[in-house]
Amino acid sequence: MTEFEQNQTDQSMEDAMNSVQEVSVGDVVKGEVLVIEDKQAIVGIEGTGVEGVVPAKELSTLPVEDINEVVKVGDTLDLVVISTIGKDKENGSYLLSKRRLDAKKVWEDIEKDFQAGNIIEAPVTNVVKGGLVVDVGVRGFVPASMVEDHFVADFSEYKGKTMTFKIVEIEPSENRLILSHKAVVETEKEAQKKELLSTIQENDVIEGRVARITDFGAFVDLGGIDGLVHVSEISHGHVAKPGDVLAVGDEVKVKVLSINPEQGRISLSIKDTLPGPWTDIETKAPVGAVLEGKVKRLTSFGAFVEVFPTVEGLVHISQISHKHIATPHEVLHEGDDVQVKVLEVNPEEHRIALSIKALEEKPASDKEPKEVESYELPEENTGFTMGDILGEALKGEVEETATDDSEK
C-alpha cells in the first residue's frame, strides 16, 4: 500500500469515527430492529454503531400481548433513550422507548386540542370505580359525574364504546388527563335547543318522548329541549298523578301552547292532540239512545249525569220522575248510577238533554194533570237558559196532559 493509499484509509477511518454520534439519555434516535427475543427488540441505533433494547412494554401505549404483532425485524423506529445498560458506555447498550416518544407527541397534540377547545374522540378501554378509562394515545379518565348529563347507575355498557370528549384538565408531567362527555352532550343540547326555539311556533303539533315525570306534570323531550305538559293538559279526563297514565320513554304527540325563548320554556298539551269528549257525540249519544250514567251534581232544577268521561247531560227536574217532586234531592243522590234516555243533543254548545222517567212506566193512577212548577235560573253557568229550562218543563207537562187525554 502506498503512502497515499495509507493516508486515504486513515482519513476514512477517522471520518467514520467522527461521524459516530454520541448517545445521551433523553436523545431521540432512530433504531433498526435487528432481533426480537424474550419480549424485547434489539435495535441498532443509526449513526452510533451501538445497540439498544426496547422492552415490549415500551413499544406501545397499549398493552402488548404479542411483540411480533407490534414490530418486525427490519422495522425502523423513532425512539427515546431512557438509560444506559452496563458500565462501559462505548461497548454497552441503551434502554430505549417508543411508547414514551409517542406519548410525548400525543401530549403535545392534546395540549393543542385543549387550548383550541376541540372535541376529541376515543374508545373506552375500561370501567373502574368512579368512572371510565379511555385511550387517546395516553390514558385518560372520565369521572362518573362527567359521563352523562343524567345519573347512570351502571357503566358496564360503556366499555369498548367510542365516545366524544371535551378536555377538562391536562398535566403531562403527572400523566393526568381528565375528560368529560357530559360537557359535549350539554353543548350539543344547547345548540339543538336554540335551533328548536327558533323553528317551532305556538299551535304546532310535534312528536316527543317523555323524559321525566313529576307530581305536577311530565317533561317531554322534543329533540334538544324539554317542554312541560302540566297534569291538567295530559288528558280530557281527570288525572290525579301523571305517572298513572304516562311512563318515561313513552312516545307522545304534543301541541305547543306557549314558548318563552328568553327562559327556554315551552308549555305543551297532550290532550289537545286527542279527540275531545264531545267529538262525534251525536254518534255516541244519538237521540233516543239509552245510556248508563252517574249523577255528578244536583241542583234545584235538575241533575247533571255523566254519560261519558267529562261529558255531562242535564236531566231536568220534570224528566226525573212521573211523580211530582219539589227538588231532585227527593229521589236522587250524587254518585247514583242511573239509566237515561237521550232527548236532545247539541254538539256546538256541548249540551245533552236526558230523561230518567222516559225509561220508567207511568203509574196507572197518575192521570191528573199537574201544575207547572216554577223554576229559577241557577247562578252558575250551566249552558241552559231560562227559556230552555221552562221549555223543558212545559214540554214535559204538555206531553203528560196529552197522554192523559188520549186515555180518557
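# Exercises on a predicted model

Of the 408 residues of the protein chain, 37% count as buried. The model is predicted. Its secondary structure comes to five helices and 20 strands.

## Exercise 1: helix H3

Task: Compare the span of helix H3 (residues 182–199) with the span expected at 1.5 Å a residue, then state which of its residues are buried and what covers them.

Solution.
- Step 1. Helix H3 has 18 residues, which should span 26 Å at 1.5 Å a residue.
- Step 2. The end C-alpha atoms of H3 are 26 Å apart, so the two values agree.
- Step 3. Ala183, Val184, Val185, Leu196 and Leu197 are buried in H3.
- Step 4. The cover over these buried residues includes strands E6 (119–128), E9 (162–171), E10 (176–180), E14 (251–260) and E15.

## Exercise 2: helix H2 and the largest pocket

Task: Describe the span and the buried residues of H2, then find what share H2 has in the lining of the largest pocket.

Solution.
- Step 1. From its first C-alpha to its last, H2 reaches 25 Å with 18 residues, close to the expected 26 Å.
- Step 2. Leu101, Ala103, Val106, Trp107 and Ile110 are the buried residues of H2.
- Step 3. Strands E1 (28–37) and E4 (76–85) are among the elements that cover them, as are E5, E9 and E10.
- Step 4. Just after H2 comes Gly117, with a positive phi of about 75°.
- Step 5. Turn to the pocket. The largest pocket holds about 590 Å³ of space. It is lined by 26 residues, and the closest to its centre are Thr61, Arg99, Gly137, Val138 and Arg139.
- Step 6. Two or more lining residues come from each of helix H2 (99–116), strand E7 (131–135), strand E8 (139–143) and E10. H2 gives six residues, the largest share of the lining.

## Exercise 3: strand E3 and its partners

Task: Which strands are joined to E3 by bridges, and in which sense, parallel or antiparallel, does each run?

Solution.
- Step 1. Strand E3 covers residues 50–55, and five of its six residues are buried.
- Step 2. Strand E2 (residues 40–45) runs antiparallel to E3 and is joined to it by six bridges. In one pair, Ile42 has Val53 of E3 as its bridge partner.
- Step 3. E2 and E3 form a hairpin with four residues between them, and Gly47 in the turn has a positive phi of about 80°.
- Step 4. Strand E5 (residues 93–97) is parallel to E3, with two bridges between them. Here Val53 stands opposite Leu95.
- Step 5. Put the pairs together: Val53 is the bridge partner of Ile42 and stands opposite Leu95 in E5.

## Exercise 4: strand E20

Task: Explain why strand E20 (residues 351–355) is described as largely enclosed, and name its partner strands.

Solution.
- Step 1. Five of the five residues of E20 are buried, so the rest of the structure largely encloses this strand.
- Step 2. In a regular strand, side chains alternate between the two faces of the sheet.
- Step 3. Arg351, Ala353 and Ser355 point one way from E20, while Ile352 and Leu354 point the other way; all are buried.
- Step 4. Strand E18 (residues 311–316) pairs with E20 in the parallel sense over two bridges. Leu354 is the bridge partner of Val315.
- Step 5. Strand E19 (residues 337–346) runs antiparallel to E20, with five bridges. Arg351 is the bridge partner of Asn346.

## Exercise 5: positive phi outside glycine

Task: Where do Asn175 and His350 lie, and is each one buried, partly exposed or exposed?

Solution.
- Step 1. Most residues other than glycine have a negative phi.
- Step 2. Asn175 has a positive phi near 50° and lies in the loop between E9 and E10.
- Step 3. The relative accessibility of Asn175 is 57%, so Asn175 counts as exposed.
- Step 4. His350 has a positive phi near 55° and lies in the loop between E19 and E20. These two strands form a hairpin with four residues between them.
- Step 5. The relative accessibility of His350 is 45%, so His350 counts as partly exposed.

## Exercise 6: the surroundings of Ser269

Task: Is Ser269 buried or exposed, and which residues does Ser269 touch, not counting those up to four places away in sequence?

Solution.
- Step 1. Ser269 belongs to strand E15 (residues 265–269).
- Step 2. Its relative accessibility is 0%, so Ser269 counts as buried.
- Step 3. Ser269 touches Val229, Glu233, Lys253, Val254, Lys255 and Leu257, leaving aside residues up to four places away in sequence.
- Step 4. The side chain of Ser269 also reaches the backbone nitrogen of Lys271, at 3.5 Å.

Technical notes
Residues are numbered from 1 along each chain as its sequence is written. This is a predicted model: local features need pLDDT of at least 70, side-chain atom pairs count only at pLDDT 80 or more; totals for chains, interfaces and linings use all residues. Side-chain values use heavy atoms; hydrogens and water are left out. Buried means under 20% relative accessible area, exposed over 50%, partly exposed in between (1.4 Å probe, protein chains only). A polar contact is a pair of N or O atoms within 3.5 Å; within protein, one must be able to donate a hydrogen and the other to accept it, and residues adjacent in sequence count only if both atoms are side-chain atoms. Contact means heavy atoms within 4.5 Å. The expected span of a helix is 1.5 Å times one less than its number of residues. Two strands pair if DSSP finds at least two bridges between them. On a 1 Å grid over the protein atoms alone, a cavity is a set of points where a 1.4 Å probe fits but cannot get out, and a pocket is an open set with protein on both sides within 12 Å along at least five of seven lines; lining residues have an atom within 4 Å of a point. Grid points are joined across faces, edges and corners, and a volume is the space filled by probe spheres set on the points.
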